[in-house]
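Hi,

Here is the structure I promised to pass along. Please have a look at it first, and then read my notes below.

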Amino acid sequence: MFEFELQKVMHAELLRRADLQRLAGEARRARRAARRSARHEPGRTVSGGLRDRYTSAA
């Protein structure tokens with residue numbers, strides 16, 4: 001009987017982990033899609049960074 005209960009607990013833990021991985025993948029895909037759509041929107045550009053602002057030191 002103990003083995004059956006242990007198997008049920010392990011099964012529930014594996015399902016929980018799979019759900020967390022699935023949600024993480026969905027969030028990753030959503031962030032990637034948001035970046036791609038923002039890249040193509042006019043007027044939403046950001047400067048290239050500090051490299052464009054300053055001259056080289058040497």
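Arg-22 counts as partly exposed, with a relative accessibility of 41%. Please keep in mind that this is a predicted model, and that the values here are computed from it.

Which residues does Arg-22 pair with? One is Asp-19: the two side chains meet in a salt bridge, with 3.8 Å from N to O. Asp-19 is partly exposed as well, at 40% relative accessibility. Because they are three residues apart in helix 1, Arg-22 and Asp-19 are separated by about one helical turn.

Arg-22 also forms a salt bridge with Glu-26, and here the closest N and O atoms are 3.1 Å apart. Both residues lie in helix 1, with a spacing of four residues, about one turn of the helix. Glu-26 has a relative accessible area of 37%, so it falls in the partly exposed class. As general background, side chains of opposite charge can pair when their charged atoms come close.

Now to another part of the helix. Arg-17 forms a salt bridge with Glu-13, the closest N and O atoms being 3.2 Å apart. These two residues are four apart in helix 1, again about one turn of the helix. Glu-13 is partly exposed, its relative accessible area being 25%. This pair belongs to a wider arrangement, as Glu-13, Arg-16 and Arg-17 are linked in a network of salt bridges. In total, the structure holds four salt bridges.

There is also a charged patch to look at. Where do Arg-28, Arg-29, Arg-31, Arg-32, Arg-35, Arg-36 and Arg-39 gather? They come together on the surface, in a patch of positive charge. Residues in such a patch have over 30% relative accessible area and no salt bridge, so Arg-28 and the other members of this patch stand apart from the salt-bridged residues described above. One of the patch members, Arg-29, is found in helix 1, which covers residues 2–39.

Finally, the chain as a whole. How many helices and strands does the chain have? It has one helix and zero strands. Of the 58 residues in the chain, 2% are buried. The accessible surface of the chain comes to about 6000 Å², and carbon and sulfur atoms account for 57% of that surface.

I hope these notes are a handy companion while you look through the model.

Best wishes

Terms used
Residues numbered from 1 in each chain as written. Predicted model: local features only at pLDDT ≥ 70, side-chain atom pairs only at ≥ 80, totals over all residues. Heavy atoms only, no water. Patch = residues over 30% accessible without salt bridge, like charges linked within 9 Å, V, L, I, M, F, W, Y side chains within 5 Å. Areas by Shrake-Rupley, 256 points an atom, 1.4 Å probe, with all protein chains shown as cover. Lys, Arg positive; Asp, Glu negative; His and termini not counted. Charge placed at Lys NZ, Arg CZ, Asp CG, Glu CD. Buried < 20%, exposed > 50% of the residue type's maximum accessible area, 1.4 Å probe, protein only.
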